[in-house]
Amino acid sequence: MELEIQDISKSLDRIYTLDKVSIQVKDQEFVAVLGPSGCGKSTLLNIVSGLIPPDQGRILIGGEDWTGRTGRVSYMQQNDLLLPSRNILDNVIVPLLLKGIKKNRARDVAHSFFADFGLEGFEGYYPDQLSGGMRQRAALLRTYLFASDILLLDEPFVSLDAITRRKMQLWLRDIRINYPSSVLFVTHDIDEALILADRVYVFSARPARVIYQLDVTAIRGDEHSYNSAKLEILNKLM
Ligand SMILES: Nc1ncnc2c1ncn2[C@@H]1O[C@H](COP(=O)(O)OP(=O)(O)OP(=O)(O)O)[C@@H](O)[C@H]1O
Ligand SMILES: [Mg+2]
């Protein structure tokens with residue numbers, strides 16, 4: 001499904017947060033957004049999900065105007081937490097229950113994804129009995145089950161240690177072959193963006209404007225171009 005973010009501007013108490021931000025996510029494309037802390041990345045995802053309305057601009061999904069309306073895209077917010085009182089299976093079925101699917105059916109549907117998400121055998125475990133990486137995979141599965149065609153992911157791996165984080169990046173890259181959603185992914189990590197994304201957008205400090213765009217698919221496998229792109233992005237973020 002195609003997502004078009006058109007000329008989005010937003011201010012709060014006369015402080016500009018987003019300044020005419022336009023981003024296009026094509027069908028099944030993985031787009032990463034990099035930007036300095038506090039520039040407005042989470043605010044943009046809140047607008048795309050419909051949680052807050054923009055001052056200006058439009059959000060189009062499959063050509064339809066969804067500006068200011070919730071319920072269409074899956075959104076994993078920064079520091080999204082699982083419910084501590086529910087086991088993992090009953091955590092990930094929440095979006096299915098919200099859609100009116102009966103509990104037993106929801107459990108069957110969700111369970112069919114457990115092996116691919118590295119959660120098989122842990123259905124009855126509670127969040128605090130799992131590793132950080134498992135909790136993040138469970139949160140990703142819950143997000144995926146809400147609506148599989150467009151995912152908004154706000155720094156999903158930020159709380160993980162470096163090695164787990166790298167494993168999760170490789171896992172997410174591989175699993176996308178079987179689960180080809182359109183993804184808008186926010187991160188601070190240039191390597192993470194370049195490993196995962198087809199295209200990268202770099203934001204300025206607040207108010208966020210798009211200051212750089214890179215087609216990663218064009219340079220994948222070309223170490224020289226990859227390294228110079230990395231330097232270029234680093235310069236833009238400084
Ligand atoms: N509803 C809102 N409308 C406009 N601006 C907002 C709103 N809520 C918060 N802000 C402001 O947006 C600015 C950017 O916050 P935001 O959380 O979007 O940054 P971020 O890029 O996600 O930062 P980080 O990388 O640290 O997560 C902050 O200055 C905040 O005060
Ligand atoms: Mg944020």
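These legends go with close-up views of a predicted model. Local features need pLDDT of at least 70 and side-chain atom pairs count only at pLDDT 80 or more, while totals for chains, interfaces and linings use all residues. Residues are numbered from 1 along each chain as its sequence is written, chains are lettered from A and ligands numbered from 1 in the order written, and side-chain values use heavy atoms, leaving out hydrogens and water.

**View 1. The shell around ligand 1**. Here 17 residues surround ligand 1, and Thr17, Ser37, Gly38, Lys41 and Thr43 come nearest (near: a heavy atom within 4 Å of the molecule). The shell splits into four nonpolar, nine polar and four charged residues, with Gly counted as polar. Strand 1 (3-12) and helix 1 (41-49) each supply at least two of them (DSSP runs: helices H or I, at least four residues; strands E, at least two).

**View 2. Polar atoms facing ligand 1**. The side chain of Thr17 puts an N or O atom 2.8 Å from a nitrogen of ligand 1. For oxygen atoms of ligand 1, look to a backbone N or O atom of Gly40 at 3.0 Å and a polar side-chain atom of Arg206 at 2.9 Å. Protein covers 71% of the 650 Å² of accessible area that ligand 1 has on its own (Shrake-Rupley method, 1.4 Å probe).

**View 3. Arg199 in strand 9**. Arg199 sits in strand 9 (residues 199-203) and is buried, at 9% relative accessible area (buried: under 20%, 1.4 Å probe, protein chains only). Its side chain makes polar contacts with those of Glu29, at 2.6 Å, and Tyr201, at 3.0 Å (N or O atoms within 3.5 Å, one able to donate a hydrogen and the other to accept it; residues adjacent in sequence count only if both atoms are side-chain atoms).

Notes: Buried < 20%, exposed > 50% of the residue type's maximum accessible area, 1.4 Å probe, protein only.
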